Structures are given as structure tokens and as C-alpha cells.
Amino acid sequence: MSDDFFKKLQESINKKVKGAHASVMSESDIAINKFDVVTPCYDLNRILSGSLKKGIKSRNLMGIIGPEHTMKSSFMVLCMVSAQKQGYRPIIIDTEGGCSAEFCSRWGLDISKVFYAYTPFVDEVMPILAQIRETGEQNMVIGMDSVGGLQRLKAYEDALKGDIKQDQGLLQKDIKAMLKLYLNICIAQNSVGIATGHYYGNPNDQYTPEKIGGGNAMKLLPSILVTLKKYELYENENGKNRTEKGNVIGNKIIASTIKNREYPPFQSANVMIDYKHGVNKFAGILDLAIESGIVQQNGAWYSLTDGMERLGQGRLNAMNALEKVDGILDKLDEWLESTGYSTYNEEVEKAEQMLEEEIKKEVKEPKKIKGE
């Protein structure tokens with residue numbers, strides 16, 4: 001095919017198809033123009049992008065799911081803090097009233113430069129998203145907390161009349177349509193979407209659709225899906241029992257990707273948040289440094305292999321000392337790229353495969369909805 005063919009096709013499509021973005025792929029903004037929103041933790045950046053210094057690529061909608069108190073909303077806001085520092089516009093659509101000014105400010109968000117909209121009704125979220133789409137503005141980070149908090153306006157109106165009817169799956173259909181528009185905005189307007197979803201079940205269960213706030217749509221439509229599991233963080237992580245471990249000083253979050261269109265999924269990362277100092281950006285980096293051979297461990301002591309400089313005793317001390325080593329992130333990024341290192345989690349992939357089978361069965365045997 002000649003270049004003339006491409007040129008004619010481009011002119012024809014752009015003239016006759018409203019809203020289409022057609023061009024030679026190497027010149028397409030949609031295909032090549034993207035930015036990264038770094039997350040609050042280098043190890044989390046790694047499982048999202050393959051690099052410690054990158055993170056969530058624009059033109060993606062990322063879903064964050066997990067049980068109660070796994071800090072889903074905090075993760076969303078912390079990513080917005082990074083985005084705001086990079087010059088991108090934060091927008092929050094709050095369905096549960098949980099993203100208060102105090103909450104967002106506590107994590108470092110400049111609330112004077114955040115657009116905020118509250119509604120619990122999916123019927124009202126759609127027009128809000130439509131208005132964002134109509135502006136044509138780019139470089140936004142649009143957070144929704146949470147998809148599981150949405151309800152149909154019709155359910156409220158029926159309740160006012162005292163005529164409470166069964167939903168018949170209509171809420172899930174509305175959520176699916178809403179998430180499609182949400183994703184479309186992210187793609188067309190070179191933006192990032194971050195939607196949280198509650199998981200109603202045992203944290204160690206499979207992530208089945210009926211237990212995820214938002215249902216199948218929350219599983220299928222986000223281009224990146226991250227699950228969170230929370231554990232207590234102790235003063236002495238190497239302690240053999242509760243007494244030796246000491247006091248609880250924070251939380252350790254295991255984040256796993258069960259879907260990722262930008263980087264191979266089924267990766268896991270460590271995120272540490274202590275009550276005094278907040279997020280430890282270097283959580284998980286000590287393990288990478290040991291795996292790469294940059295650091296070696298001898299009992300409770302950690303040292304740099306090159307020159308045998310001691311980092312200290314205990315994981316937390318060594319982690320803090322590693323942060324001060326010149327060029328450590330560049331060295332680890334080079335190692336990641338040259339080796340293709342992966343923290344592939346077989347259990348996460350098995351859970352994902354079971355989830356896919358359940359969704360396929362549901363697609364083959366759709367539930368009938370009255371009036372359709």
C-alpha cells in the first residue's frame with residue numbers, strides 16, 4: 001500500500017467520522033503520546049510499568065480492589081498527589097463521601113487545585129463524565145471512590161413511593177456503560193483514571209465478580225487491575241513471635257496486578273506505610289537489590305557487595321540506608337531491563353483463570369431481565 005492510500009484514507013475518515021482520530025500510527029497522538037503518573041512506591045511502579053521510576057501510563061483506567069481498610073482510597077489520593085506535582089489536573093468523583101478535604105490534605109493533596117464532585121447515583125455520574133469529555137481537556141487524573149458505592153436514582157425514587165423493586169441487574173448494566181465512558185475519556189484525552197472497588201469477602205478468597213463492588217464491569221473494563229491485601233507491620237519484622245516483633249507501627253500492603261495491558265500481569269509488590277513517616281518509597285527495593293547481587297545479607301546484617309559497605313542491621317535500617325546510595329535506582333532499573341526480572345505470582349494467576357471461567361459461563365448463560 002502506498003503512502004497516498006493512507007493519506008486519502010485519513011482525510012476521508014477524519015472528514016466523515018466525527019470524533020475519530022485517524023492517522024499513520026507513527027504520527028498518532030493516541031498511539032504514541034503518553035505520560036506516566038508515578039505511584040507513592042518504587043516497587044509498585046515496577047509491577048505497573050517495568051520501571052522503578054515510571055508508573056501508571058496515561059490513556060489507562062486502573063481499578064484498585066481489596067477488602068475493607070486496605071487503603072484503596074489512600075492509594076488513589078497518593079497517586080493524585082504525585083500527578084499534581086507533575087502538573088496534571090486531579091478530579092475526584094466521590095460516591096461515598098469518604099474523600100473529605102481533611103483526608104486528601106493529610107496525604108499531601110493541594111485541595112485548592114482539585115475538582116470535586118459528590119453523588120451516589122450512577123445516573124448522575126454519567127452526565128458528569130460527559131461534561132468532562134465535552135471539554136476536550138487532556139492531562140487529567142480522574143479518581144472515582146468508589147464504584148461499589150453507586151446506586152440507581154430509580155431505586156431512590158421507588159423507595160420514596162414505598163415501592164421497592166428488585167434491581168434485576170440494571171445497576172450492573174449502568175455501571176458497565178459508565179465505566180466504558182470513563183475509559184473512553186482516559187484514552188481520548190490522554191488522561192489517567194483510578195477507580196476503587198470494595199471486595200466483599202475473605203481477603204484470601206478468589207476475587208469473584210459477585211463479591212467486587214461494580215461486578216463484572218469492574219473486572220473487565222479497567223485496563224489495569226490491582227488487588228490489595230493488608231498485613232500488620234511490626235517494629236522488628238525478624239522477630240520469631242509476637243513479643244519479639246514488638247509494637248505494630250503501620251501496615252504492609254501486598255499489591256498484585258491481575259490485569260495489565262502495559263506490562264506482564266500477575267506481579268506482586270510490597271508497600272509499607274508506617275504511622276509516623278507515611279509511605280516508605282523504598283519498600284521492596286532491598287529485596288530487589290539482594291536479588292540483583294548489589295546487596296548481600298549475612299544474618300541480620302546487610303552490606304553493599306561492591307566494597308562491602310555496611311547498610312546496617314535489620315531490614316528497616318538497611319532499607320533506609322539503601323535510599324542514600326548514589327544511583328541505586330538507575331542500577332536496579334538497568335538490571336530489571338537486562339534480566340527481565342519478574343515477581344510472577346502463580347497464585348494470583350490461578351485466581352485470575354478461575355475468575356475468567358466464571359465470567360465466560362455468565363456470558364454464555366446471561367440472566368434474563370424483565371422488560372427486555
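Here is a chat between a visitor and a guide about how a predicted model earns its labels.

Visitor: What makes up this protein overall?
Guide: It's a predicted model with 14 helices and 14 strands. Buried residues account for 47% of its 372 residues. The exposed surface comes to about 19800 Å², with carbon and sulfur atoms supplying 50% of that. As for contacts between residues at least 6 apart in sequence, 67% of them join residues at least 24 apart.

Visitor: How do you know where the predictor is confident?
Guide: The mean pLDDT is 86, and 88% of the residues reach 70 or more. Residues 365-372 are another story: pLDDT there is below 50, and that stretch has five contacts in the model beyond near neighbours in sequence. Where pLDDT is low, the predicted coordinates shouldn't be read in detail.

Visitor: Why is lysine 219 called buried?
Guide: Buried means under 20% relative accessible area. Lysine 219 has 1% relative accessibility, so it counts as buried. You'll find lysine 219 in helix 9, residues 215-220. Its C-alpha atom is 8.0 Å from that of glycine 63, although the two are 156 residues apart along the chain.

Visitor: And histidine 198, why does that one count as buried?
Guide: The cut-off is under 20%, and histidine 198 has a relative accessible area of 14%, so buried is the right word. Histidine 198 lies in strand 7, residues 192-198. Leaving aside neighbours within four places in sequence, histidine 198 is in contact with Gly66, Pro67, Glu68, Lys72, Lys211, Ile212 and Gly213.

Visitor: What about glutamine 189: buried or exposed?
Guide: Buried: its relative accessibility is 2%, against a limit of under 20%. Glutamine 189 lies in the loop between helix 8 (170-188) and strand 7. Beyond neighbours within four places in sequence, the contacts of glutamine 189 include Arg59, Ile132, Arg133 and Met140.

Visitor: What makes glutamine 189 and glutamate 137 a polar contact?
Guide: A polar atom of the glutamine 189 side chain lies 2.7 Å from the backbone oxygen of glutamate 137. The limit for such a pair is 3.5 Å, so the distance fits.

Visitor: Why is helix 3 called mostly covered?
Guide: Eight of its eight residues are buried. They are Tyr42, Asp43, Leu44, Asn45, Arg46, Ile47, Leu48 and Ser49. Just after helix 3, glycine 50 takes a positive phi of about 90°.

Visitor: What makes aspartate 43 and arginine 46 a salt bridge?
Guide: The closest N and O atoms are 2.7 Å apart, and the cut-off is 4 Å, so the pair qualifies. Both aspartate 43 and arginine 46 are buried. They sit three residues apart in helix 3 (residues 42-49), so about one helical turn separates them. In general, an α-helix has 3.6 residues a turn, so residues three or four places apart point the same way.

Visitor: How many salt bridges are there in the structure?
Guide: Eight. Another of them joins lysine 53 and aspartate 330, with closest N and O atoms 2.3 Å apart. This pair links distant parts of the chain: lysine 53 is in the loop between helix 3 and strand 2 (55-57), and aspartate 330 is in helix 13 (residues 328-339), 277 residues apart.

Visitor: Why are lysine 53 and aspartate 330 called partly exposed?
Guide: Buried stops under 20% and exposed starts over 50%. Lysine 53 has a relative accessible area of 42% and aspartate 330 has 39%, so both count as partly exposed.

Visitor: How do you know that arginine 315 and aspartate 287 meet in a salt bridge?
Guide: Their N to O distance is 3.0 Å, and anything within 4 Å counts. Arginine 315 lies in helix 12 (residues 315-322) and aspartate 287 in helix 11 (residues 285-292), so the pair ties together parts that are 28 residues apart in sequence. Arginine 315, at 27% relative accessibility, is partly exposed; so is aspartate 287, at 32%.

Visitor: What makes leucine 9 eligible for a surface patch?
Guide: Patch members need over 30% relative accessible area. Leucine 9 has 38% and counts as partly exposed, so it clears that bar. Leucine 9 is found in helix 1, residues 3-16. Together with Phe5, Phe6 and Val24, Leu9 forms a nonpolar patch with about 310 Å² of accessible area.

Definitions and conventions
Residues are numbered from 1 along each chain as its sequence is written. This is a predicted model: local features need pLDDT of at least 70, side-chain atom pairs count only at pLDDT 80 or more; totals for chains, interfaces and linings use all residues. Side-chain values use heavy atoms; hydrogens and water are left out. Patches are made of residues with over 30% relative accessible area and no salt bridge: like charges are joined within 9 Å, nonpolar side chains (Val, Leu, Ile, Met, Phe, Trp, Tyr) within 5 Å. Accessible areas come from the Shrake-Rupley method with a 1.4 Å probe; for residues, only the protein chains shown count as cover. A salt bridge is a side-chain nitrogen of Lys or Arg within 4 Å of a carboxyl oxygen of Asp or Glu. Helices (H or I, at least four residues) and strands (E, at least two) are DSSP runs, numbered from the N terminus. Buried means under 20% relative accessible area, exposed over 50%, partly exposed in between (1.4 Å probe, protein chains only). Contact means heavy atoms within 4.5 Å. A polar contact is a pair of N or O atoms within 3.5 Å; within protein, one must be able to donate a hydrogen and the other to accept it, and residues adjacent in sequence count only if both atoms are side-chain atoms. pLDDT is the predictor's confidence in each residue, from 0 to 100.
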